[in-house]
Amino acid sequence: MAAFEQLAFGFEEGPGTAAPAASGPAAAQPPAAPTPAPVSHPQASRDVLLVGQRVRYAFRRGKRRTIGFVVGPEGLSVSAPRWVGLGEVEAALQEKAGWILRKLQEQGERSRRLQSARIVWADGACVPYLGRPVQLKLDAAGVSAPGGACLDAADGGLERYAKAAGTPVLRLGLPADAQAERIRDVVHSWWQRQAKRLFDERCQLYAQRLGVRVKRLSLSAAQTRWGSATADGAVRLNWRLIQFPLSTVDYVVVHELAHLREMNHSPAFWDVVRSVLPAYEQAQEPLKQAVPIGD
Ligand SMILES: [Zn+2]
């Protein structure tokens, strides 16, 4: 039923990537560089040598009809129908060696980015806001509402914020000895308030330009998607988008609103996106490298 049709906009690098079907000509290429990757799955029961690299993988027999590979944060898992021999599984792994090693390496890079993106919640820490860092300042006396937050460069609008010199300061109404979780909670609510306000504004702007009606806009905290839209006009946007440049926020807003006209990713859909955001491809870039941060 159309009213329940929903299209989700997943993170470019989700928690796991399934391999294309294991058939057709072999596309094995050597990996770009032997960087550390999750080459041993915690539930590994078998191993295989792929282009000289030992990979330990979780192996499972399943009801599926074909051999399946998934590379996730923990490493490689393989499932195969009961009637497929181990020799055939091995051959399929060799056939997909290039893809598997590439995905393992990407997962390794992703977890390193996650590590380095981890925020230490303390006075002086920097957190991302609209594509640039803001520095936290614990300042119980300087912020009127206890547990409130106030961005020094906030007046003058977003354009001025984006161009302001130096690192803007986010004052938090917290004592100097506030606990890390308390600091994180205050920043999370501030991020979410800014997200609500900005997304509302951008949705209104682009809904008008696209001639669509948003029945309901809500924030999501989904771990795997940036946004979604249903055919009856309910749009959900991940509040963590507030960490990205405005052009990227606009891209996701327009992407979801365009679904209210085209519930698919056909060329007609991309024409709708392009009609209001000609440079949408550049605006997508930050999402491709993104890891959800701020926990
Ligand atoms: Zn979409």
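# Helix packing and cores in a predicted model

Colleague: What share of the 295 residues in the protein chain is buried?

Modeller: This is a predicted model, and its protein chain holds seven helices and 13 strands. Of the 295 residues in the chain, the share that is buried comes to 25%.

Colleague: Among contacts with a separation of 6 or more, what percentage joins residues 24 or more positions apart?

Modeller: The count concerns contacts in the protein chain with a separation of 6 or more. Within that set, residues 24 or more positions apart account for 62%.

Colleague: Which residues have the most contacts inside the largest nonpolar core?

Modeller: The largest nonpolar core has 37 residues. At least two residues of this core come from each of β8 (132–138), β10 (169–172), α4, β12 (225–230), β13 (234–238), α5 and α6 (267–276). The residues with the most contacts inside the core are L172, V187, L241, V253 and V254.

Colleague: How many residues are in the second, separate core?

Modeller: This core is separate from the one just described, and I67, V71, L101 and L104 are among its members. Its number of residues is 16.

Colleague: Are α4 and α5 parallel or oblique to each other?

Modeller: Helix α4 spans residues 180–210 and helix α5 spans residues 246–259, and their axes lie 10 Å apart at an angle of about 50°. An angle under 35 degrees would count as roughly parallel, whereas 65 to 115 would count as roughly perpendicular. The pair falls in neither range, and α4 and α5 are therefore oblique.

Colleague: Is the crossing of α4 and α5 left-handed or right-handed?

Modeller: The α4 side of the contact consists of L198, F199, R202, C203, Y206, A207 and L210, which meet V249, D250, V253, V254, L257 and A258 in α5. By class, this contact has 11 nonpolar, no polar and two charged residues. The crossing of the two helices is right-handed.

Colleague: Is α5 parallel or perpendicular to α7?

Modeller: Helix α7 covers residues 280–288, and α5 packs with α7 at an angle of about 105°, the axes being 8 Å apart. Angles of 65 to 115 degrees count as roughly perpendicular. The arrangement of α5 and α7 is therefore roughly perpendicular.

Colleague: How many residues of the contact of α5 with α7 are nonpolar?

Modeller: From α5, the contact uses S247, T248, D250, Y251 and V254, and from α7 it uses Y280, A283, Q284, P286 and L287. Three residues of this contact are polar and one is charged, while the number of nonpolar residues is six.

Colleague: Are α5 and α6 antiparallel or oblique to each other?

Modeller: The axes of α5 and α6 are 9 Å apart and make an angle of about 135°. An angle over 145 degrees would be needed for roughly antiparallel. The two helices, whose crossing is right-handed, are therefore oblique.

Colleague: Which residues of α6 meet α5?

Modeller: By class, the contact of α5 with α6 has six nonpolar, one polar and no charged residues. The α5 side is formed by V254, H255 and A258. Their partners in α6 are F269, V272, V273 and V276.

Colleague: Which residues does V254 touch, not counting those up to four places away in sequence?

Modeller: V254 is one of the residues with the most contacts inside the largest nonpolar core. Beyond the residues up to four places away in sequence, V254 touches Y206, V273, V276, L277 and Y280.

Colleague: What is the distance between L277 and V254, C-alpha to C-alpha?

Modeller: L277 lies in the loop between α6 and α7, and with 20 C-beta neighbours inside 10 Å it counts as buried. Leaving aside neighbours within four places in sequence, L277 is in contact with D250, Y251, V254 and A283. L277 and V254 are 23 residues apart in sequence, and their C-alpha separation is 7.8 Å.

Colleague: Is L130 buried or exposed?

Modeller: L130 lies in the loop between β7 (126–129) and β8, and its phi is near 45°, a positive value in a residue other than glycine. Most residues other than glycine have a negative phi. With 20 C-beta neighbours inside 10 Å, L130 counts as buried.

Colleague: What is the phi of V51 near?

Modeller: V51 lies in the loop between β3 (46–50) and β4 (53–62). The residue is partly exposed, with 15 other C-beta atoms within 10 Å. Phi of V51 is positive, in a residue other than glycine, and is near 45°.

Key. Residues numbered from 1 in each chain as written. Predicted model: local features only at pLDDT ≥ 70, side-chain atom pairs only at ≥ 80, totals over all residues. Axes fitted to C-alpha atoms, helices over the stretch in contact; angles between N-to-C directions. Helix = DSSP H or I, 4+ residues; strand = E, 2+ residues; numbered from the N terminus. Left-handed = near helix turned anticlockwise from the far one by under 90°. Contact = placed C-beta atoms within 7 Å. Nonpolar A, V, L, I, M, F, W, Y, C, P; charged D, E, K, R; others polar. Buried ≥ 20, exposed ≤ 12 C-beta atoms within 10 Å, placed from the backbone. Core = buried A, V, L, I, M, F, W, Y, C linked by C-beta atoms within 7 Å.
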